[in-house]
Amino acid sequence: MRVESSAIERTGIAVSADTEPAAGLPPRSAAARYRRSGTLQAALGVTAFSLTFPATAWGLEGFGPWSLVSVRCVLAAVVAGGCLLALRVPRPDRRHLAGLAVVAAGVVLGFPLLTTLALRTSTTAHAAVVVGLLPLTTALFSSLRTGARPSRKFWLAACAGAAAVIAFTVRQSGGALTGADAYLFGALLICAAGYTEGGRLARVMPGWQVIGWALVLCLPLSVPGALMALSYEPVRLTAHSVTGLLWVAVGSQFLGLVVWYRGMASIGIPKASQLQLAQPLLTLVWSVLLLGERLTPAAPLTAAAVLVCIALTQRARS
């Protein structure tokens, strides 16, 4: 996951790179250690996100899709709300509530629900390749929201990446898009909107508070939703289903975002974004190791092609 805001460094999640080094440490040594720490945190965030689809597949072994998503939101909101209370974080200004609602709709509810519904019939490898377009989709929404005008090179690379994913999707589904593909493409759009709005809010509050308040705002929907879903969908508690639920709730939805934002604050968006390029390929690895899926040659090749296209867009934008 990434946020399109160059001002993330000012969110206050981590101290500035200009912070005075500890006593006895030369400034360059302290700065280098700070950058290494930021790189490690951003990499941990990417790793957490890359495990989301395999963990969702595990969760679906014991939970229905609606139960998994709603319980996931409740658990993540409890953790986030506890952190907000413990740190006595003041409530966000009323003028930020509309933006937080967009983040909640896109990142907290929409993306998890649509991808979970897709993973009932789609492999995690297939979903990872399609959702690999998320950075490009986010860039498009960010351009529309902020009025930025990327270069022609950016749009050419973005269109090439989109074409590669669409060709892969159509080929994998036998010449026509499936219901799972419709869910995945819908997830791309709604999550990109949430990321873009989150990036705008990250200019005025720490990024972890953006996702924290978005989770808390969803409680009036997620709690009754969880109670209703659990009453209709059968639940089978297994090691896989419980582990998958806990990971998507605490690891992906909250803690992964915390270290990701801290890493971005330390090393900046351009470098952090480069690390995120590995996310689809990491998910392909997890799908083989954790789920025993067999990859077709087209999956890693398409993921690599999308990675190259995203790298070109990053260079074009910078």
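**Exercise 1. Decide whether Gln253 is buried or exposed, and find what surrounds it.**

Solution. Gln253 has a relative accessibility of 0%, so it counts as buried, the cut-off being under 20%. This value, like the others here, comes from a predicted model. Next, place the residue: Gln253 belongs to helix α11, which covers residues 239-267. Then list its neighbours. Leaving out residues up to four places away in sequence, Gln253 touches Arg72, Ala76, Val107, Val108, Pro112, Ile211, Leu215 and Val248. With one of these, Arg72, the side chain of Gln253 forms a polar contact of 2.9 Å.

**Exercise 2. Describe the overall make-up of the protein chain and state how far the model can be trusted.**

Solution. Start with the secondary structure: the protein chain has 14 helices and 0 strands. Of its 318 residues, 51% are buried. Now take the contacts with a separation of 6 or more: 88% of them join residues 24 or more positions apart. Finally, check the confidence. The mean pLDDT is 80, and 83% of the residues reach 70 or more. Over residues 1-26, however, pLDDT stays under 50, and the model has 63 contacts beyond four places in sequence for that stretch. Where pLDDT is low, the predicted coordinates should not be read in detail.

**Exercise 3. Work out how helix α2 is enclosed and how it packs against α5.**

Solution. First count the buried residues. In α2 (residues 52-59), 8 of the 8 residues are buried, so the helix is largely enclosed by the rest of the structure. They are Thr52, Phe53, Pro54, Ala55, Thr56, Ala57, Trp58 and Gly59.

Second, turn to the packing. Two packed helices are described by the angle between their axes and the distance between the axes. For α2 and α5 (residues 124-131), the angle is about 140 degrees and the axes lie 10 Å apart. That angle makes α2 oblique to α5, since only angles over 145 degrees count as roughly antiparallel. The crossing of the two helices is right-handed. The contact involves Phe53, Pro54 and Ala57 on the α2 side, and Thr124, Ala127, Ala128 and Val131 on the α5 side.

**Exercise 4. Find the geometry of the pair α3 and α9, and the residues that meet there.**

Solution. Take the axes first: those of α3 and α9 (residues 207-217) come within 8 Å and cross at roughly 125 degrees. α3 is therefore oblique to α9. The handedness comes next: α3 passes α9 in a left-handed crossing. On the α3 side, the residues are Cys73, Ala76, Ala77, Ala80, Gly81, Cys83 and Leu84. They meet Trp208, Gln209, Gly212, Trp213, Leu215 and Val216 in α9.

**Exercise 5. State what is unusual about the backbone of Arg88, and where the residue lies.**

Solution. Most residues other than glycine have a negative phi. Arg88 is not a glycine, yet its phi is positive, about 55 degrees. The residue is found in the loop between α3 (65-86) and α4 (97-118). With a relative accessible area of 75%, Arg88 is exposed.

**Exercise 6. Determine how far apart Gly110 and Ala187 are in sequence and in space.**

Solution. Gly110 is in helix α4, and at 10% relative accessibility it counts as buried. Along the sequence, Gly110 and Ala187 are 77 residues apart; in space, they are 6.6 Å apart, C-alpha to C-alpha. Beyond four places in sequence, Gly110 touches Ala104, Ala105 and Ile190.

Definitions and conventions:
Residues are numbered from 1 along each chain as its sequence is written. Side-chain values use heavy atoms; hydrogens and water are left out. Buried means under 20% relative accessible area, exposed over 50%, partly exposed in between (1.4 Å probe, protein chains only). Helices (H or I, at least four residues) and strands (E, at least two) are DSSP runs, numbered from the N terminus. pLDDT is the predictor's confidence in each residue, from 0 to 100. Contact means heavy atoms within 4.5 Å. A polar contact is a pair of N or O atoms within 3.5 Å; within protein, one must be able to donate a hydrogen and the other to accept it, and residues adjacent in sequence count only if both atoms are side-chain atoms. Axes are lines fitted to C-alpha atoms, for helices over the stretch in contact, and angles run from 0 to 180 degrees between N-to-C directions. Angles under 35 degrees count as roughly parallel, over 145 as roughly antiparallel, 65 to 115 as roughly perpendicular and the rest as oblique. A crossing is left-handed if the near helix is turned anticlockwise from the far one by less than a right angle, and right-handed if clockwise.
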